Amino acid sequence: MIEATLDIASERGYDGTTVALVTERTGLPASSIYWHFGSKDKLLAATLEHSYDQWRSAIGPWATNGEPGPLPEKLEYRMQKASVGFAMNPQFWGLGLLLAMQQRVEEPAARRIFVDVRRLTTEGIRNDWRELVDPAALERDPTIPNRLAEFYMILMDGMFVHVRSTAARDVPRMVSLIADGMAAMMLEEGWAS
């Protein structure tokens, strides 16, 4: 049911996803969906949570013991690993971005879930960046990991939209360019050695 809901939502968006379409696709009665979830909104919220958990477990931790040493290679390794999510087609990200941009009188539970997922993802990435920043630079400016994490999330959102809207889908090459640029900037700013 969750996978069918995600497929429908990625095709039709939040408003175009109906319990009737989910029942048609799954063969389950609407009463079963309402009994388990209570509403379409709660079904979509559960769908976003489930697909996020699958994506996070598939990509694993950003940092691992087997990564190369120098900063440019380390960033390349970590960012390529994180970009696996684009190859897996994380439909929840697209649906979440649509929900995040919509303003409604009553905020859908699915939107709150996505906003929370983004916050958790940004926090995890911030902690990973903290490992890469020189301790002396962190002492001078403790906000460096926050800024790097926010910038990285902006880049990933932009890359997600770019990959989905053009024929240019060489994600590894785009990630490599981003990693090279970020490593060069960090070295130039004295944030890493």
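**Exercise 1. The lining of a pocket**

How do the residues of the lining of the second largest pocket divide into nonpolar, polar and charged? Find also which helices supply the lining.

*Solution.* The model is predicted.

Step 1. Start with the space itself: the second largest pocket holds about 220 Å³.

Step 2. List the lining. There are 13 lining residues, and Q91, G94, L95, L98 and F160 lie nearest the centre of the pocket.

Step 3. Sort the lining by class. Seven residues are nonpolar, five are polar and one is charged.

Step 4. Assign the lining to helices. At least two residues come from each of α1 (2-16), α7 (91-101) and α10. The largest share belongs to α7, which gives six residues.

**Exercise 2. A salt bridge between α5 and α8**

Which parts of the chain does the salt bridge of R78 and E131 tie together, and is each partner buried or exposed?

*Solution.*

Step 1. Check the contact. The N to O distance between the side chains of R78 and E131 is 3.3 Å, and a salt bridge requires a distance within 4 Å. This pair belongs to a structure in which six salt bridges are found in total.

Step 2. Locate the partners. R78 is part of helix α5 (residues 71-82) and E131 is part of helix α8 (residues 109-132), so the salt bridge links parts of the chain 53 residues apart in sequence.

Step 3. Compare each accessibility with the cut-offs, under 20% for buried and over 50% for exposed. R78 has a relative accessible area of 2% and is buried. E131 has 52% and is exposed.

**Exercise 3. Two further salt bridges and a network**

Examine the D157 and R118 pair, then the D141 and R147 pair. Which residues are joined into one network by salt bridges that share partners?

*Solution.*

Step 1. D157 and R118 meet through their side chains in a salt bridge of 2.8 Å, N to O. Since D157 sits in helix α10 (residues 144-165) and R118 in helix α8, this pair ties together parts that are 39 residues apart in sequence.

Step 2. Classify these two partners. D157 is buried at 16% relative accessibility, and R118 is buried at 19%.

Step 3. Turn to D141 and R147, whose closest N and O atoms are 2.5 Å apart in a salt bridge. D141 is partly exposed at 23% relative accessibility, and R147 is partly exposed at 41%.

Step 4. Look for shared partners. D116, R119 and E123 are joined into one network in this way.

**Exercise 4. Contacts of aromatic rings**

How many aromatic pairs does the structure hold, and which residue lies over the face of Y14?

*Solution.*

Step 1. Count the pairs: the structure has one aromatic pair. Its members are W129 and Y152, with 6.4 Å from centre to centre and 70° between the planes.

Step 2. Name the geometry. An angle over 60 degrees counts as edge-to-face, and the W129 and Y152 pair is edge-to-face.

Step 3. Place the rings in the chain. W129 belongs to helix α8 and Y152 to helix α10, so the pair connects parts that are 23 residues apart in sequence.

Step 4. Check the accessibility of each ring residue. W129 is buried, with a relative accessible area of 0%. Y152 is buried at 2%.

Step 5. Go on to Y14. The residue over the face of Y14 is K40, at 4.5 Å from the ring centre.

Notes:
Residues numbered from 1 in each chain as written. Predicted model: local features only at pLDDT ≥ 70, side-chain atom pairs only at ≥ 80, totals over all residues. Heavy atoms only, no water. Helix = DSSP H or I, 4+ residues; strand = E, 2+ residues; numbered from the N terminus. Buried < 20%, exposed > 50% of the residue type's maximum accessible area, 1.4 Å probe, protein only. 1 Å grid on protein atoms, 1.4 Å probe; cavity = no way out; pocket = protein on both sides within 12 Å on 5 of 7 lines; lining within 4 Å. Points joined across faces, edges and corners; volume = space filled by probe spheres on them. Nonpolar A, V, L, I, M, F, W, Y, C, P; charged D, E, K, R; others polar. Phe/Tyr/Trp six-rings, centres within 6.5 Å; stacked < 30°, edge-to-face > 60°. Lys NZ or Arg CZ within 6 Å of the ring centre and 35° of its normal.
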